[in-house]
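Q: I would like a close look at a single part of this model, taken step by step. Please keep the account plain and work outward from one residue to what surrounds it.

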Amino acid sequence: VLAERRRDVGGVADNKAVMSLPSARALVSSSSVPVVGAPSAPCASTQIEELLTLTELTPARDRVLKEYSGGMARKIAICAALLGPPGLLLLDESFVGLDPESTYRIRRRLQTYCEQGGAIVLSSHILEMLQPICTRFIIMSQGQIARSLTRAQFNDGLAAGQYTDLTQLYLDTTGKNIEPA
């Protein structure tokens, strides 16, 4: 049962394991990829092509993954996590090192994924990117949940002037607020 439930979760378990594969095509086509919840059977080539196109990795699909830049490695890891697609994606700092165009395209794809019933747990230090896409906000401090808000609660706080954005909410919640210079 656990193995069956794991197929419902997509996320990269270890980027080094991903980079040990010979190519992007091998990663997204394999049934034994080092990705949490990877599908048990190879995915349709149309889905693979759509994900490679989304991340602009089609020209590099047969390149050795070790030759990929950090941003390219993150993009191919996101492709692998989206295969299936799973019901839940776990993404940890997945947008670090991505160019603005890729960030925009992937964010739009993730929004579509959620609109189709998928869910994402996304951790990031880039709070400006999270604010427009999240439906729930959990602020962590020293390994503990310091605050948890729904989108409606967050918007109510914005409207009431309690904070101006997610970054200020984070700084106020964690006690790390910095006075402007």
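Which residues does Lys75 touch, not counting residues up to four places away in sequence?

A: This is a predicted model, so what follows describes computed geometry. Not counting residues up to four places away in sequence, Lys75 touches Thr55, Leu57, Leu98, Asp99, Ser102 and Ile106. Lys75 itself lies in helix α5. Its relative accessibility is 7%, and because buried means under 20%, Lys75 counts as buried.

Several of those partners lead into the surroundings of Lys75, and Leu57 is one to follow. Leu57 sits in the loop between α4 and α5. At 1% relative accessibility, Leu57 is also buried. Apart from neighbours within four places in sequence, Leu57 is in contact with Leu52, Tyr68, Met72, Lys75 and Ile76. The C-alpha atoms of Leu57 and Cys79 are 9.8 Å apart, with their positions 22 residues apart along the chain.

The loop between α4 and α5 also holds Arg61. Arg61 is buried, with a relative accessible area of 14%. Its side chain makes a polar contact of 2.9 Å with the side chain of Glu49.

Two other partners of Lys75, Ser102 and Ile106, point to helix α6, where both are buried. Helix α6 runs over residues 100-115, which is 16 residues. From its first C-alpha to its last it reaches 22 Å, close to the 22 Å expected at 1.5 Å a residue.

The buried residues of α6 are Ser102, Thr103, Ile106, Arg109, Leu110 and Tyr113. Seen down the axis of α6, these buried residues fall within an arc of 135 degrees, so they line one face of the helix. The general background is that an α-helix has 3.6 residues a turn, so residues three or four places apart point the same way. The face of α6 turned away from the buried side carries the exposed residues Pro100 and Glu115.

What covers the buried residues of α6 includes two helices already mentioned, α4 (45-54) and α5 (70-82). The cover also includes the strands β3 (88-92) and β4 (119-123), together with helix α7 (127-130).

Take the pairing with α5, the helix that holds Lys75. The axes of α5 and α6 come within 12 Å and cross at roughly 10 degrees. Angles under 35 degrees count as roughly parallel, and α5 and α6 are therefore roughly parallel to each other. On the α5 side, the residues that meet α6 are Lys75, Ile78 and Leu82. On the α6 side they are Ser102, Ile106, Arg109, Leu110 and Tyr113. These α6 residues are among those listed above as buried.

The pairing with α4 has another geometry. α4 and α6 pack at an angle of about 140 degrees, with their axes 10 Å apart. That makes α4 oblique to α6. Here Glu50, Leu51 and Leu54 in α4 meet Arg105, Ile106 and Arg109 in α6. Ile106 and Arg109 appear in the list for α4 and also in the list for α5.

The ends of α6 can be described too. At its start, a side-chain oxygen of Asp99 reaches to within 3.2 Å of the backbone nitrogen of Glu101. Asp99 is also among the residues that Lys75 touches. After α6 comes Gly117, whose phi is positive, near 105 degrees.

Helix α9 (residues 166-174) can be described in similar terms. Asp165 caps its N-terminal end, where a side-chain oxygen lies 3.3 Å from the backbone nitrogen of Thr167. α9 is followed by Gly175, whose phi is positive, near 75 degrees. The buried residues of α9 are Leu166, Leu169, Leu171 and Thr174. What covers them includes α7, β5 (136-141), β6 (144-150) and α8 (151-159). Helix α7 is thus named in the cover of α9 and in that of α6.

As for the chain that holds these parts, its secondary structure comes to nine helices and six strands. Buried residues make up 38% of its 181 residues, Lys75 being one that counts as buried. Among contacts between residues at least 6 apart in sequence, 58% join residues at least 24 apart.

Note on methods
Residues numbered from 1 in each chain as written. Predicted model: local features only at pLDDT ≥ 70, side-chain atom pairs only at ≥ 80, totals over all residues. Heavy atoms only, no water. Helix = DSSP H or I, 4+ residues; strand = E, 2+ residues; numbered from the N terminus. Expected span 1.5 Å × (residues − 1). Buried < 20%, exposed > 50% of the residue type's maximum accessible area, 1.4 Å probe, protein only. Arc of directions from axis to C-beta. Contact = heavy atoms within 4.5 Å. Polar contact = N/O pair within 3.5 Å; in protein donor to acceptor, adjacent residues only side chain to side chain. Axes fitted to C-alpha atoms, helices over the stretch in contact; angles between N-to-C directions. Parallel < 35°, antiparallel > 145°, perpendicular 65-115°, else oblique.
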